[in-house]
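Open the model in a viewer and keep the selection panel at hand. The tour below goes from one selection to the next and says what is there.

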Amino acid sequence: MRKPVVAAVNGVAAGAGASLAFACDLIVASDRARFATAFTGIGLAPDSGMSWTLQRLVGRAKAAELLLLGEPVKAQEALEMGLVTRVVPADELAPASVELARRLASGPTVSYGAVKAALDHAATHDLASALEREAELQDECEKTSDHHNATEAFLKKQQPTFEGR
């Protein structure tokens, strides 16, 4: 999906629930959140894409540890290892998540899609190919009204308004 996806996690996200959270672009966790791979604890292999996503977030060694041992990870530790984007007090989770989603929705959505496409491509290609893909995406973004409006706003020292085109 070209649009950014925000997850809000309050409580325990285990197994497939954790997999779904880890697949999101930005994860806001409450200070009460916990993440557990949980699969080996019930004699299963990882599913819902966790074997792919988790090692891209924390590296292969840490992913192996989390998957093999299945020990829960508290919110602050998840932040420190790069599993989540930010941690907020539980009573601020909904407002913080909505604010982040609104910020993204009112931003340069074509550019956000290009960022996601560039990251996805770079994850499985060499540097030369990543540079080529970035150039293609940059060319696409340079042709948008959002880019032209933002450049004009910058020159006028104003805040840009984005329309997603």
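Two strands count as paired if DSSP finds at least two bridges between them. The model is a predicted one, and the tour begins with its sheets.

**Stop 1: the parallel sheet.** Select β1, β3 and β6. These 3 strands make an open sheet in the order β1-β3-β6, and the pairing is parallel. The edge positions belong to β1 and β6 (86–88); each has a single partner strand, so one side of each has no neighbour in the sheet. From one strand to the next, the twist averages 20 degrees. Now keep β3 and β6 alone: 3 bridges link them in the parallel sense. For a residue pair to label, take Val28, which stands opposite Arg86 in β6.

**Stop 2: the helix across the sheet.** Add residues 93–105, which form helix α5. Helix α5 lies across β1, β3 and β6, and runs at about 165 degrees to β3.

**Stop 3: the mixed sheet.** Hide the previous selection and show β2, β4 and β5. Here too 3 strands form an open sheet, in the order β2-β4-β5, but with mixed pairing. Which strands stand at the edges? They are β2 (12–14) and β5 (73–74), each with a single partner strand, so one side of each is left without a neighbour in the sheet. Strand β4 covers residues 34–36 and runs parallel to β2, with 3 bridges joining the two. Within that pairing, Ala14 has Ala36 in β4 as its bridge partner.

**Stop 4: the nonpolar cores.** Switch to side chains. The largest nonpolar core holds 24 residues, and Phe22, Phe35, Leu54 and Leu83 have the most contacts inside it. At least two residues of this core come from each of β1 (6–9), α1 (16–22), β3 (26–30), α2 (50–58), α3 (60–69) and α4 (75–80). A separate, second core has 6 residues, among them Val88, Ala96, Leu100 and Leu104.

Center on Phe35 and show its surroundings. Neighbours within four places in sequence set aside, Phe35 is in contact with Val9, Ala13, Ala21, Phe22, Ala29, Glu71, Pro72, Val73, Ala78 and Val84.

**Stop 5: helix α2.** Select α2 and look along the axis. Met50, Thr53, Leu54 and Val58 are the residues to color, being buried in α2. These residues cover an arc of only 105 degrees around the axis, which places them on the same side of α2. The cover over the buried residues of α2 includes α1 and α3. Just after α2 comes Gly59, with a positive phi of about 90 degrees.

**Stop 6: Ser19.** Go to helix α1 and pick Ser19, which lies in it. Why does Ser19 count as buried? Its relative accessibility is 1%, and the cut-off for buried is under 20%. With residues up to four places away in sequence left out, Ser19 touches Phe39, Asp47, Ser48 and Met50. Met50 is also one of the buried residues of α2.

**Stop 7: the cysteines.** Finish by selecting Cys24 and Cys141. Are they buried or exposed? Cys24 is buried, at a relative accessible area of 18%, and Cys141 is buried as well, at 13%. A disulfide is a covalent bond between the sulfur atoms of two cysteines. How many disulfides does the structure hold? The number is 0.

Conventions: Residues numbered from 1 in each chain as written. Predicted model: local features only at pLDDT ≥ 70, side-chain atom pairs only at ≥ 80, totals over all residues. Heavy atoms only, no water. Core = buried A, V, L, I, M, F, W, Y, C linked by side-chain atoms within 4.5 Å. Buried < 20%, exposed > 50% of the residue type's maximum accessible area, 1.4 Å probe, protein only. Helix = DSSP H or I, 4+ residues; strand = E, 2+ residues; numbered from the N terminus. Contact = heavy atoms within 4.5 Å. Axes fitted to C-alpha atoms, helices over the stretch in contact; angles between N-to-C directions. Arc of directions from axis to C-beta. Disulfide = S-S within 2.5 Å.
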